[in-house]
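User: Hi! I am new to this structure and would like to learn how to read its features step by step. Could we start with a pair of packed helices?

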Amino acid sequence: MLHLRNTRSRRLPVASLAASLAAIVAIAGSLAGCSSTPGGTPTPAPALRAVSGSRYFGTAVDEPQLDLDATYSAILGSQFSSVTAENSMKWTSTEPTKGTFDWSMADKFVAFAQAHGQKIHGHNLVWHNQLPSWLDAGSFSKTELSDLLQGHITAEVGRYAGKIAAWDVVNEPLNEDGTMRDSIWLENLGQGYIADALKWAHAADPAAKLYINDYNLESVGPKSDAMYDLAKSLKAAGAPLDGIGFQGHLDTTYPFPSDWAKNMQRFADLGLEVAITELDVRVNVPADAAALASQAGYYKDAVSACVAVSRCVGVTVWEFTDKYSWVPTAFPGEGAACLYDSDMAPKPAFAAVEQAFLGK
Ligand code: XIL
């Protein structure tokens, strides 16, 4: 299975640790579920899932961590009200052999979420990546491929019907210039694969909210304009599209997308819900205190953008700890993108998220 997982333990330089000590001490109580008053009396500190109010606060989680890492599981269960499977529900995990499904990892992920009262954001059903080789390298007629897609969607959505709040039905369908991304789906089925996928997912679980999800959608521009046009035409054609997911893989070497709330609002005005589905904020590594402070600002502004849009239903971070983040593998030279460091200590971004939800 293709997992670009990072398991290296990366420590901050001593200078950065000292500089960010005050922030860490101030929020360390959140990890243990308590904080200190000036008089030293411990008071319960609300978890992020409590301060996020009517919105959910979620994280991606990779199923193997649930067994490996008790500290990870404890934070996961206590801080987050929604979870997204980082890999366990992708096609390569669930249908590794044609017509033979393996639900073992997805089932375990779903059971954890249910045991902790968490919503589940299903990810994903149609994508150009992480397809099993029998499918990617196979040769199928248009009808065969369409039947395979319908069968896969029907099986997966049907298995978890009633348990999944929302599905990323189609992931990353667009290029940066706003054209449709080349994939086995577009190439063989044409653009109609999107409406078909939505229709089949809806038939398998009429209660689940159905999303299209993509990255670099934050600002108004060719890609988000194309997503807007796509969403509008799908709605006009009566396709069961409920939401647009803004992944939000941010990088502090670029300016924060300051029109993000305004951009989300125009999708909301189409009658759709919106969500930030994969937030992380990468910095150049090793990260110093200034980088972590800048990162905290990006997290705060991202959560505030969602809070500013009444139809923005929640924010999900793409893993909550640098220990397991996909970023260093995907973006060499960058990393430290999460709310917790590799030693599971909350970073300044943790408090920034809390403040944003509280409107501070
Ligand atoms: C990434 C996972 O985090 C990695 O573990 C995996 O190796 C590759 O995929 N956009 C998406 C996610 O929609 O599914 C990707 O997840 C990150 C980018």
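Analyst: Happy to. This is a predicted model, and a good first feature is a helix crossing: α14 passes α16 in a right-handed crossing.

User: How do I describe such a pair, and what are the values for α14 and α16?

Analyst: Two packed helices are described by the angle between their axes and the distance between the axes. Here the axes of α14 and α16 (residues 348-357) lie 8 Å apart, at an angle of about 25°. Angles under 35 degrees count as roughly parallel, so α14 is roughly parallel to α16.

User: Which residues make the contact of α14 and α16?

Analyst: From α14 come Leu292, Gln295, Ala296, Tyr299, Lys300, Val303, Ser304 and Val307, while α16 brings Pro348, Ala349, Ala352, Val353, Gln355, Ala356 and Phe357. By type, the residues of this contact of α14 with α16 are 11 nonpolar, three polar and one charged.

User: How many residues of α16 are buried?

Analyst: Nine of its 10 residues are buried, so α16 is largely enclosed by the rest of the structure. Among the buried residues of α16 are Phe350, Ala351 and Glu354. After α16 comes Gly359, with a positive phi near 70°.

User: What about α13 and α14: at what angle do their axes cross?

Analyst: Helix α13 (residues 260-268) and helix α14 (residues 289-307) cross at roughly 30°, and their axes come within 9 Å. The two are therefore roughly parallel to each other, and their crossing is right-handed. Trp260, Ala261 and Met264 of α13 make the contact with Ala302, Ala305 and Cys306 of α14. The residues of this contact between α13 and α14 are six nonpolar, no polar and no charged.

User: Where does Trp260 fit into the wider picture of the nonpolar core?

Analyst: The general idea is that in soluble globular proteins, nonpolar side chains tend to be buried together. In this model the largest nonpolar core has 95 residues, and Trp185, Ile244, Trp260 and Leu279 are those with the most contacts inside it. Leaving aside residues up to four places away in sequence, Trp260 touches Glu218, Phe246, Gly248, Leu250, Ile276, Leu279, Ala302 and Ala305. Another core, of five residues, lies apart from the largest one and includes Ala287, Ala291, Leu292 and Ala336.

User: Ala336 caught my eye. What is its phi, and is Ala336 buried or exposed?

Analyst: Ala336 is not a glycine, yet its phi is positive, about 45°. Its place is the loop between β12 (334-335) and α16. Ala336 counts as buried at 6% relative accessibility, because the cut-off for buried is under 20%. Met344 lies in the loop between β12 and α16 too, and has a positive phi of about 70° although it is not a glycine. At 6% relative accessibility, Met344 is also counted as buried.

User: Let us turn to the backbone. Which peptide bonds can I look at for a cis form?

Analyst: For this, look at the omega angle. The bond from His123 to Asn124 is cis, with omega near -10°, and Asn124 sits in strand β5 (residues 119-126). The bond from Val285 to Pro286 is cis as well, with omega near 0°; Pro286 is in the loop between β10 (273-284) and α14.

User: Which residue touches both His123 and Asn124?

Analyst: Met89 does, and among its other contacts are Phe109, Glu156, Tyr160 and Trp167. Met89 belongs to the loop between β4 (82-85) and α6 (91-94) and counts as buried, at 0% relative accessibility. Its C-alpha atom is separated by 10.0 Å from that of Asp62, 27 residues apart along the chain.

User: What would a buried residue in a strand look like, say Thr316?

Analyst: Thr316 is in strand β11 (residues 312-317) and is buried, with a relative accessible area of 1%. Its contacts beyond four places in sequence include Tyr56, Thr84, Ile276 and Leu279.

User: To finish, how many helices and strands are there, and what share of the residues is buried?

Analyst: The protein has 16 helices and 12 strands, and 56% of its 360 residues count as buried. Of the contacts between residues at least 6 apart in sequence, 77% join residues at least 24 apart.

Definitions and conventions: Residues are numbered from 1 along each chain as its sequence is written. This is a predicted model: local features need pLDDT of at least 70, side-chain atom pairs count only at pLDDT 80 or more; totals for chains, interfaces and linings use all residues. Side-chain values use heavy atoms; hydrogens and water are left out. Axes are lines fitted to C-alpha atoms, for helices over the stretch in contact, and angles run from 0 to 180 degrees between N-to-C directions. Helices (H or I, at least four residues) and strands (E, at least two) are DSSP runs, numbered from the N terminus. Angles under 35 degrees count as roughly parallel, over 145 as roughly antiparallel, 65 to 115 as roughly perpendicular and the rest as oblique. A crossing is left-handed if the near helix is turned anticlockwise from the far one by less than a right angle, and right-handed if clockwise. Contact means heavy atoms within 4.5 Å. Ala, Val, Leu, Ile, Met, Phe, Trp, Tyr, Cys and Pro count as nonpolar, Asp, Glu, Lys and Arg as charged, and the others, Gly among them, as polar. Buried means under 20% relative accessible area, exposed over 50%, partly exposed in between (1.4 Å probe, protein chains only). A nonpolar core is a set of buried Ala, Val, Leu, Ile, Met, Phe, Trp, Tyr and Cys residues joined through side-chain atoms within 4.5 Å.
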